[in-house]
Amino acid sequence: MPAVATDDRLRSLVEAVRDEVIRLDGHIRNLLNATRVTAGGLTPRLEWSDPRDIVNAAIKARARRLAAHHLEIGFDDDLPLLKVDSGLIEEACGQLLENAAKYSPSGSTISVQTRYDRGHVVMSIIDQGVGVTPDEQRHLGRKSFRSPRHQASVPGSGLGFWIASTFIRAHDGTVEIASRGQGLG
């Protein structure tokens, strides 16, 4: 395609279309994998992985969606290797990062802190977003749950958090939400 090679506008458009195709393909694969995990048809392929590599790969894969935010990334020095399916855990981390970006104002800070605490690796994603109400907390993790207060203003399918929690639970992990309340991150 010689015209694409010489026309910056066309090249940019083709790159944007390519990125969206890759993103859509990823969403379809994640939905299929999460459905297989919940049906018992997909067992995580466990391998020793460095949590730093997992978090950094999730951030890199979502660089475009995170670009409007300031990222603060921190790792404890004593993080052990994890025996996990790094692809599933990376995707879970990425889904949570996307939600943080989606529900936080442009220019705000998203902090990703990974630490070792009492025999567990804990990853915290802290944002300055719209917050979560107690009622929303009760429903988070259900397939296709979308808060009524965001349905008209924030695009999404309600599958991201469900996918993330499904992949984490497949590794006997947990996902917890803490919010100071609506509008308080």
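# Notebook: a sheet, its helices and two cores

**Entry 1. A loop residue.** I began with Arg118, which I located in the loop between E4 and E5. The model is a predicted one, and I read every entry below with that in mind. I looked up the backbone of Arg118 and found a positive phi of about 50 degrees, although Arg118 is not a glycine. I noted this because most residues other than glycine have a negative phi. I then asked whether Arg118 is buried or exposed. Arg118 is exposed, with a relative accessible area of 75%.

**Entry 2. The hairpin around Arg118.** I next examined the two strands that flank this loop. Strand E4 covers residues 109–117 and strand E5 covers residues 120–126. They pair in the antiparallel sense, and I recorded 7 bridges between them. As one example of a bridge, I noted that Gln113 has Ser124 in E5 as its partner. The hairpin has 2 residues between the strands, and Arg118 with its positive phi belongs to this hairpin.

**Entry 3. The sheet.** I asked in what order the strands of the sheet stand. The order is E2-E4-E5, in an open sheet of 3 strands with mixed pairing. Strand E2 (70–75) and E5 stand at the edges with a single partner strand each, so one side of each has no neighbour in the sheet. From one strand to the next, the twist averages 10 degrees. I reminded myself that strands of a sheet pair through backbone hydrogen bonds, either parallel or antiparallel. E2 and E4 run parallel and are joined by 6 bridges. I found His70 opposite Thr109 in E4.

**Entry 4. Helices on the sheet.** I then looked up which helices meet these strands. Helix H3 (residues 51–61) lies across E2, E4 and E5, and runs at about 170 degrees to E2. Helix H5 (residues 86–102) also packs on the sheet, where H5 touches E4 and E5. The direction of H5 makes about 25 degrees with that of E5.

**Entry 5. The two sides of H3.** I asked which residues of H3 are buried. They are Pro51, Ile54, Val55, Ala58 and Ile59. These residues cover an arc of only 130 degrees around the axis, and therefore lie on the same side of H3. On the face turned away from the buried side, I found the exposed residues Asp53 and Lys60. I also examined the N-terminal end of H3, which is capped by Asp50. A side-chain oxygen of Asp50 lies 2.8 Å from the backbone nitrogen of Arg52.

**Entry 6. The nonpolar cores.** I asked which residues of the largest nonpolar core touch the most other members. The core has 13 residues, and the ones I sought are Ile89, Ala92, Ile163 and Phe167. H5 and helix H7 (160–169) each supply at least two residues of this core. The largest share comes from H7, with 6 residues. I recorded a second, separate core of 10 residues, which includes Val55, Ile59, Leu97 and Ala100. Two of these names were familiar to me from H3, where Val55 and Ile59 are among the buried residues.

**Entry 7. Helix H7.** I asked how many residues of H7 are buried. The count is 9 of its 10 residues, and H7 is thus recorded as mostly covered. The buried residues include Trp162, Ile163, Ser165, Thr166 and Phe167.

**Entry 8. The segment after H7.** I looked at two residues in the segment after H7, namely His171 and Asp172. His171 is buried, with a relative accessible area of 18%; the cut-off for buried is under 20%. Leaving out residues up to four places away in sequence, I found that His171 touches Pro44, Leu46, Val84, Asp85, Leu88 and Ile89. Ile89 had already appeared in my notes as a member of the largest nonpolar core. Asp172, by contrast, counts as exposed at 74% relative accessibility. Asp172 has a positive phi of about 60 degrees although it is not a glycine.

**Entry 9. The whole protein.** I closed with the overall counts. The protein has 7 helices and 5 strands. From the N terminus on, its elements run α-α-β-α-α-β-β-α-β-β-α-α. Of the 185 residues in the protein, 35% are buried. Among contacts with a separation of 6 or more, 71% are between residues 24 or more positions apart.

Terms used:
Residues are numbered from 1 along each chain as its sequence is written. This is a predicted model: local features need pLDDT of at least 70, side-chain atom pairs count only at pLDDT 80 or more; totals for chains, interfaces and linings use all residues. Side-chain values use heavy atoms; hydrogens and water are left out. Two strands pair if DSSP finds at least two bridges between them. Helices (H or I, at least four residues) and strands (E, at least two) are DSSP runs, numbered from the N terminus. Axes are lines fitted to C-alpha atoms, for helices over the stretch in contact, and angles run from 0 to 180 degrees between N-to-C directions. Contact means heavy atoms within 4.5 Å. Buried means under 20% relative accessible area, exposed over 50%, partly exposed in between (1.4 Å probe, protein chains only). The arc is that of the directions from the helix axis to the C-beta atoms. A polar contact is a pair of N or O atoms within 3.5 Å; within protein, one must be able to donate a hydrogen and the other to accept it, and residues adjacent in sequence count only if both atoms are side-chain atoms. A nonpolar core is a set of buried Ala, Val, Leu, Ile, Met, Phe, Trp, Tyr and Cys residues joined through side-chain atoms within 4.5 Å.
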